[in-house]
Amino acid sequence: MSKIKLSIIALSCVMALSACSSSSKGGTDNSEQIRQLESELNQKIAEATQKAEAAAKGSNSGSSSNSGSSTSSSNSGSSTSSSNSSGTKGSYTYTSSSDLATKLKELEKLLADEKARVSLGDKIFGGSSGNMTDAISGGVLIDGQNVASRPQTRDIRDLTIIDDKGKLVDINILRRAGDMDPWTYEAYDDQYNLRKEEQAILSNSNFKSSAFGVYYYALTGNRYFFAQGLPTAVTQIPTSGQVEYKGGAVYKKDGAENYSELSEMTATADFDKKVIDINIAGKTNALPGMNFGGKITGNSFAGDANGIKTQGGFFGENAQEMTGLFVNEADQARGAFGGIKQ
């Protein structure tokens, strides 16, 4: 093995390990594997460096010797000319370049897997662990801000906000499907499982274990995007197969008119690959079509795709429902979504 080639591989490993250290805050379930692989690579880099140094010394010694001895395979029956060998030299064990390259590829795959889960916040939807353990879990975003907070409510049918006097107030957010609109005296449209009431768009009672939407509090001018529910036990999360969800989404761009937009949402959770794909239908001159998703960890998911960050979770028995929040950085907008297993 040439010393230059080995040094390049070692340098690549060091760069990858540096990326690993800087990205380990992403909150994935690969952290232990990454740490173990990092330790193995550090050891192999040291071994490879020692081998290169020993080979260089041996070459210099051999060229200056006049003993007549030979290291060729034809005279000694053994060969030291292979550049990809593994074995023991002196008091250390060295490794091959191909072994180093394989380990480096393993590390790169783990890092790519880790990057697939990017959280909106460490305190929502299970945070960095991905496991929602609170009786009511989820998250809340305020219009114009990308900092998510956890729900403070004691009931999934309520949104807890801070009123104009600085006190916590519970706002009822879950509407009955099929109720009468007090303004038109007609049944509410259950399209997308959402109901629009002036500047509020709220999920209805088709959702049994979760609630999501946007609520506008006129006294403070704050608009709250929320997604919350009774989390599915991790033991009830499917371990294989694909599950389709259908529901709705709410969305608003910064600086746009006061009213939020609503649209249809469909999602596919692939529990074999531990990923979720989310699609929000576009509306002409109102709402862009969006496709994003992330990695499923425990009973939640999070990711960054197509410039859209999302974080959400599964709710009810056997992951019957899903809800989440998203931030469209390119569009400077945010929203919430939810769906029911089909």
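1. Strands here are DSSP runs of E covering at least two residues, numbered from the N terminus. On that numbering, K252 belongs to strand 10. The model is a predicted one, and the points below take up its nonpolar cores, one of its pockets and some of its salt bridges.

2. The largest nonpolar core is made of 24 residues. Within this core, Y245, I276, F314, M322 and F337 have the most contacts. Two or more residues each come from strand 10 (242–253), strand 11 (261–270), strand 12 (275–280), strand 13 (290–297), strand 15 (308–315), strand 16 (321–328) and strand 17 (333–341). Strand 10 supplies the largest share, 4 residues.

3. Another core, of 21 residues, lies apart from the largest one. Its members include A148, I201, V214 and A336.

4. The second largest pocket has a volume of about 200 Å³, and 16 residues line it. V140, I142, S149, Q152 and Y224 are the lining residues that lie nearest its centre. Strand 3 (137–142), strand 4 (158–162) and strand 9 (222–229) are the elements that each give two or more residues to the lining. The largest share, 4 residues, is that of strand 4. By residue class, the lining of this pocket splits into 8 nonpolar, 7 polar and 1 charged.

5. The structure contains 12 salt bridges. One of them pairs the side chains of R334 and D143, with an N to O distance of 3.8 Å. R334 is in strand 17, whereas D143 sits in the loop between strand 3 and strand 4; the two are 191 residues apart, and the pair links distant parts of the chain. R334 counts as buried because its relative accessible area is 2%, and the limit for that class is under 20%.

6. A further salt bridge joins the side chains of E197 and R175 at 3.1 Å, N to O. E197 is in strand 6 (residues 194–197) and R175 in the loop between strand 5 (168–172) and strand 6, so this salt bridge ties together parts that are 22 residues apart in sequence. E197 has a relative accessibility of 23% and is therefore classed as partly exposed.

7. E264 and K246 also meet through their side chains in a salt bridge, here at 3.6 Å, N to O. The pair ties together parts 18 residues apart in sequence, because E264 lies in strand 11 and K246 in strand 10. Both ends are partly exposed: the relative accessible area is 27% for E264 and 41% for K246.

8. Which residues are joined into one network by salt bridges that share partners? They are D143, R223, K252, D254 and R334. R334 and D143 are the pair described in point 5, with the salt bridge at 3.8 Å.

9. Is K252, a member of that network, buried or exposed? Its relative accessibility is 5%, so K252 counts as buried. The side chain of K252 is also joined to that of D143 by a polar contact of 3.4 Å. D143 thus has two side-chain partners named in this note, R334 through a salt bridge and K252 through the polar contact.

10. Strand 10 recurs in these points. This strand gives 4 residues to the largest nonpolar core, and K252 is placed in it. K246, the partner of E264, is in strand 10 as well. Strand 17 likewise appears twice: this strand contributes two or more residues to the largest core and carries R334.

Conventions. Residues numbered from 1 in each chain as written. Predicted model: local features only at pLDDT ≥ 70, side-chain atom pairs only at ≥ 80, totals over all residues. Heavy atoms only, no water. Core = buried A, V, L, I, M, F, W, Y, C linked by side-chain atoms within 4.5 Å. Buried < 20%, exposed > 50% of the residue type's maximum accessible area, 1.4 Å probe, protein only. 1 Å grid on protein atoms, 1.4 Å probe; cavity = no way out; pocket = protein on both sides within 12 Å on 5 of 7 lines; lining within 4 Å. Points joined across faces, edges and corners; volume = space filled by probe spheres on them. Nonpolar A, V, L, I, M, F, W, Y, C, P; charged D, E, K, R; others polar. Salt bridge = Lys/Arg side-chain N within 4 Å of Asp/Glu carboxyl O. Polar contact = N/O pair within 3.5 Å; in protein donor to acceptor, adjacent residues only side chain to side chain.
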